[in-house]
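Reader: I'd like a close look at one part of this model: the aromatic cluster and the helices around it. Could you walk me through it in one go?

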Amino acid sequence: MNRKLAGFVVVLLLGCGTADEAEEVTPEAKAEALRAARADSVAQAMDMFDPTVFDTLTWDSDNARWERGGVVWSFTCQRCHGADGAGKGPDAETFDIAVPDMTVADWPYAGNVPGIRERIFVGHDSEMPSMGLIGLSYSDVDAAAHYIDDLLRSTE
């Protein structure tokens, strides 16, 4: 579930009732409702995720996959992760989102394309949306994972 949709669901859920009841909702309750919505999205995406699909994908060349990965990165990932993958994208800065620097040597997914694919598709319940739920195809997930691991990290 993307951030806007999750926020809408939280507002919708918390907004039910009288105006007085809505005023009584604490920031902690709102944060907990958002965490629950994110956790539900991650669980749904995990149920949908099928790593064997990646075995069926074919690309004309590594360059074709990297080119598509660059497009996916530009339009989907760099808003939070930054153009260079260091985690300083405009949305991360604007919304004060803690985004990991995936270019550092000790990044947990370094050299782990299957792990990167899963993280992209499933997301996690802190800040990263479940990209598989919001329509990113398996081929786009694959392209982005290779772009991240093969190109962004190659400048270490």
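Author: Here is a tour that starts with the whole chain, moves to the aromatic cluster, and then follows the helices around it.

Bear in mind that this is a predicted model. The chain's secondary structure comes to 7 helices and 0 strands, so to speak an α-α-α-α-α-α-α run from the N terminus on. Of its 156 residues, 34% count as buried. Among contacts with a separation of 6 or more, residues 24 or more positions apart account for 61%. On the outside, the chain exposes about 9000 Å², with carbon and sulfur atoms supplying 55% of that.

Now the cluster. There are 6 aromatic pairs in the structure. Take Phe49 and Phe121: their ring centres sit 5.3 Å apart and the planes make an angle of 50 degrees, so this pair is tilted. That angle falls between the cut-offs, since under 30 degrees would count as stacked and over 60 as edge-to-face. Phe49 belongs to the loop between α3 (27-48) and α4 (62-81), while Phe121 is in helix α6 (residues 113-122), so the pair ties together parts 72 residues apart in sequence. Both rings belong to buried residues: Phe49 has a relative accessible area of 11%, and Phe121 has one of 2%.

Phe121 has another partner, Tyr138. This aromatic pair is stacked, with 5.0 Å from centre to centre and 25 degrees between the planes. Here too distant parts of the chain are linked, as Phe121 is in helix α6 and Tyr138 in helix α7 (residues 138-152), 17 residues apart. Put Phe54 in with Phe49, Phe121 and Tyr138, and you have one aromatic cluster.

Next, α6, the helix that carries Phe121. At its start, a side-chain oxygen of Asn112 reaches to within 2.8 Å of the backbone nitrogen of Gly115. Of the 10 residues of α6, 7 are buried, so the helix is largely enclosed by the rest of the structure. The buried ones are Val113, Gly115, Ile116, Arg117, Ile120, Phe121 and Val122. What covers them includes α3 and α7. After α6 comes Gly123, which has a positive phi, near 75 degrees.

On to α7, where Tyr138 sits. This helix has 15 residues and reaches 20 Å from its first C-alpha to its last, close to the 21 Å expected at 1.5 Å a residue. It is mostly covered, with 12 of the 15 residues buried. Tyr138 is one of those buried residues, and so are the charged or polar-looking names Asp140, Asp142, His146 and Asp149, alongside others including Val141, Ala143, Ala144, Ala145, Ile148 and Leu152. The buried residues of α7 pack against α3, α4 and α6.

That brings in α4, one of the helices α7 packs against. A straight helix of 20 residues would span 28 Å at 1.5 Å a residue, but α4 spans only 23 Å between its end C-alpha atoms. There is also a bend in α4, of about 50 degrees, at Ser74. Its buried residues include Arg65, Gly69, Gly70, Val72, Trp73, Cys77, Cys80 and His81. For reading such a list, remember that an α-helix has 3.6 residues a turn, so residues three or four places apart point the same way. α4 is followed by Gly82, whose phi is positive, near 80 degrees.

One last stop, on the stretch between α4 and α6. Asp91 is found in helix α5 (residues 90-94). At 17% relative accessibility, Asp91 counts as buried, given that the cut-off is under 20%. Its side chain makes a polar contact of 2.7 Å with the side chain of Arg79. Leaving aside residues up to four places away in sequence, Asp91 touches Arg79, Cys80, Asp96 and Ile97. Cys80 is among the buried residues of α4. Asp96, in the loop between α5 and α6, is exposed, with a relative accessible area of 69%. Its phi is near 55 degrees, a positive value in a residue other than glycine.

Technical notes
Residues numbered from 1 in each chain as written. Predicted model: local features only at pLDDT ≥ 70, side-chain atom pairs only at ≥ 80, totals over all residues. Heavy atoms only, no water. Phe/Tyr/Trp six-rings, centres within 6.5 Å; stacked < 30°, edge-to-face > 60°. Helix = DSSP H or I, 4+ residues; strand = E, 2+ residues; numbered from the N terminus. Buried < 20%, exposed > 50% of the residue type's maximum accessible area, 1.4 Å probe, protein only. Expected span 1.5 Å × (residues − 1). Bend = angle between axes of the 7 residues up to and from the residue. Contact = heavy atoms within 4.5 Å. Polar contact = N/O pair within 3.5 Å; in protein donor to acceptor, adjacent residues only side chain to side chain. Areas by Shrake-Rupley, 256 points an atom, 1.4 Å probe, with all protein chains shown as cover.
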